[in-house]
Structure formats: C-alpha cells, structure tokens
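Biologist: I would like a close look at one loop residue of this model and at the parts of the fold that its neighbouring helices build. Please take it slowly and explain the terms as you go.

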Amino acid sequence: MTTEILKSVEPTLYDEDYYLWVETTLKQLENKDIENLDWRHLAEEIEALGIEQRRKVESYLKQLLIHLLLYRYWETQEEDRQRGWQIEITNFRDELEFYFRSKTLYNYSLNCLDAVYIKVRRQAIQKTALRPEIFPEKCPFTPEDIFNSEYFPE
C-alpha cells in the first residue's frame, strides 16, 4: 500500500519534461503502443486542446463583433472607421475562417454568438462612452453579415 501511495506522488515524465512527454506519446501512438500510453494525461491534453480551440473562436468572434459595432455606431470616429477598422475586421474574419475549416467550431460560434455579443455590447459602451441605447441589445448583424468578407455596416 505504501508503495502505491509513493508511486502516485512520484513525478511523471509529463510533470518533469512536458515536451519529451509529447514526443514520447506521439511515437507511442505512431507505433500503436497503446499499453504504455499515459492515458490520463493524454485525455487531459486532448480535452484542453478542444477548450483552447473554442476559446480562440470566442476571442476572435468577440474582436470581430466589437469592431463591427464600433464601425457601425461610433460615428465620431469616421476616420478610424475607414482605415484601421476595416483592416481589423478583415483580419479577424481571416482568423475565424481558418478555424471554420472545422464545422464543429463554426457551429460553436453560432451557438455562442448571443453570449459573446452581450460582452461585446458592454465593452463598446465602456470604450465609446456613448449612451447604452445606441447599441442594440441583440446582435444587429446576421451570421452571414458577420462572416461575409465584403460586408461592412453602414
């Protein structure tokens, strides 16, 4: 029993050298050496990878929406709107396009759109100091508009 407790406390390759653990795990997978895989950490890493992908989609979507809102409603910033914000909007669309090669991540963006917009609206109000009622409570852009590389709100 004491040996089992000590084994669970001993550092693993995952704990001591993460990169070596990744290389080792990859070789084990390539060689179909499933008996020696570190299943617990492998499962954690795969789960973390999926969470990170969704987080990036949310982040790019948030940035895209904030720029679309500012472009549409912050009229005193006309000069920024024409130059910088179009470039930013295009950049965030390009980043999302990369992630949307996965239909799952595209569908995830549609599912989280309303929740992300609530945060974006709050951020736009803080950034611009404009009256809250200027910004619609519901997202004024359709997914088709949001992801259309030719669309810039007027």
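At its relative accessibility, does A129 count as buried or exposed?

Modeller: A129 counts as exposed, because its relative accessibility is 68% (buried is under 20%, exposed over 50% and partly exposed in between, with a 1.4 Å probe and protein chains only). This is a predicted model, in which local features need pLDDT of at least 70 and side-chain atom pairs count only at pLDDT 80 or more, while totals for chains, interfaces and linings use all residues. Residues are numbered from 1 along each chain as its sequence is written, and side-chain values use heavy atoms, without hydrogens or water.

A129 sits in the loop between α6 and α7 (helices are DSSP runs of H or I with at least four residues, numbered from the N terminus), and its phi is positive, near 60 degrees, although A129 is not a glycine. Most residues other than glycine have a negative phi. K32 also has a positive phi without being a glycine, at about 55 degrees; K32 lies in the loop between α3 (18–30) and α4, and with a relative accessible area of 69% it is exposed.

The helix before A129's loop, α6, packs against α4 at an angle of about 45 degrees, with the two axes 7 Å apart (axes are lines fitted to C-alpha atoms over the stretch in contact, and angles run from 0 to 180 degrees between N-to-C directions). That angle makes α4 oblique to α6, since angles under 35 degrees count as roughly parallel, over 145 as roughly antiparallel, 65 to 115 as roughly perpendicular and the rest as oblique. The contact of α4 with α6 has 14 nonpolar, four polar and five charged residues.

Both helices also feed the largest nonpolar core, which has 30 residues (buried Ala, Val, Leu, Ile, Met, Phe, Trp, Tyr and Cys joined through side-chain atoms within 4.5 Å). At least two residues of this core come from each of α4 (39–73), α5 (78–99) and α6 (103–128), and α4 gives the largest share, 10 residues. Among the residues with the most contacts inside the core are L61, F141 and I146. Leaving aside residues up to four places away in sequence, I146 touches L61, L64, L65, L68, R93, L113, C139 and F141, where contact means heavy atoms within 4.5 Å.

Farther along, E154 belongs to the segment after α7 (143–147) and is exposed, with a relative accessible area of 64%.

Note on methods. Nonpolar A, V, L, I, M, F, W, Y, C, P; charged D, E, K, R; others polar.
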